[in-house]
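Consider the structure below first as a whole and then from its interior, beginning with its charges and ending with the residues that pack together inside.

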Amino acid sequence: MTTTDLAGHVDGLVTGASARLSGDEVLLVSYSGERSDFVRFNHGAVRQAGSVEQHTIDLDLVEGRRHARRSVQLTGDPGTDTARVAEAIEHLRALRAVVAEDPYLLYRADGPSTTRIGRSELPDPGDAVDAVRRAAGGRDLVGLYSAGTTMRGFASSVGTRNRSEEHTSELQSHHDLVCR
């Protein structure tokens, strides 16, 4: 799922969940996700490669001074995720009914909406691996290369939408210790 797709997907989930609210309920949603590639090197060669994509939303259902929170792992499938969020809202309603009021509960109901996207360009994973292997020059390089995109955001039933996206890459090497 691209970051644009994720933002639209989460927005759709929040909009749909907001339509399910009743009375003075407010829904606060934090989300985070990543799409990353990683490569483990040993003896200057690739020993393990893989990719990770995961996205989670934290739902906080508020009414008055009572609130309850639950995390939902997103699949990227609109039907599945909509059903998971609807089930979570019902669970949170039941839980909220029995929790004590929170004297420290504070949230901004009229916050601005923002988007911040880090614009760094990530190298093609294959090109990055080739560059590391060439730099190792047959020596016993041990390390880990990882690159990807992380996303964070906040949305609420009162209309606030904030998201941030970062593109990062990193090579952690024990080159100085083990290259011979």
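In this predicted model, the 21 positive and the 26 negative charges of the protein have mean positions that lie 3 Å apart. The protein exposes about 10200 Å², and 50% of that area is supplied by carbon and sulfur atoms, while buried residues make up 33% of the 180 residues.

The chain forms 4 helices and 6 strands, which follow one another along the sequence in the pattern α-β-β-β-α-β-α-β-β-α. Because the radius of gyration is 21 Å, well over the 16 Å that the globule rule gives for 180 residues, the protein is more spread out than a compact globule. The C-alpha trace spans about 70 × 30 × 30 Å along its principal axes. Of the contacts with a separation of 6 or more, 71% are between residues 24 or more positions apart.

Turning to the interior, the largest nonpolar core has 22 residues, and those with the most contacts inside it are Val10, Leu27, Ile57, Leu59, Leu74 and Val85. At least two residues of this core come from each of α1 (3-19), β1 (26-42), β2 (45-63), β3 (66-73), α2 (78-96) and β5 (143-156), with α1 giving the largest share, 6 residues. Leu27 shows how such a residue is surrounded: leaving aside neighbours within four places in sequence, Leu27 is in contact with Ala17, Leu21, Leu59, Asp60, Leu61, Ile89, Ala155, Ser156 and Ser157. Apart from this core lies another, of 9 residues, including Val39, Val129, Val132 and Tyr145.

Technical notes:
Residues are numbered from 1 along each chain as its sequence is written. This is a predicted model: local features need pLDDT of at least 70, side-chain atom pairs count only at pLDDT 80 or more; totals for chains, interfaces and linings use all residues. Side-chain values use heavy atoms; hydrogens and water are left out. A nonpolar core is a set of buried Ala, Val, Leu, Ile, Met, Phe, Trp, Tyr and Cys residues joined through side-chain atoms within 4.5 Å. Buried means under 20% relative accessible area, exposed over 50%, partly exposed in between (1.4 Å probe, protein chains only). Contact means heavy atoms within 4.5 Å. The radius of gyration is taken over C-alpha atoms; the globule rule is 2.2 Å times the number of residues to the power 0.38. Accessible areas come from the Shrake-Rupley method with a 1.4 Å probe; for residues, only the protein chains shown count as cover. Lys and Arg count as positive and Asp and Glu as negative; His and the chain ends are not counted. The place of a charge is taken as NZ of Lys, CZ of Arg, CG of Asp or CD of Glu.
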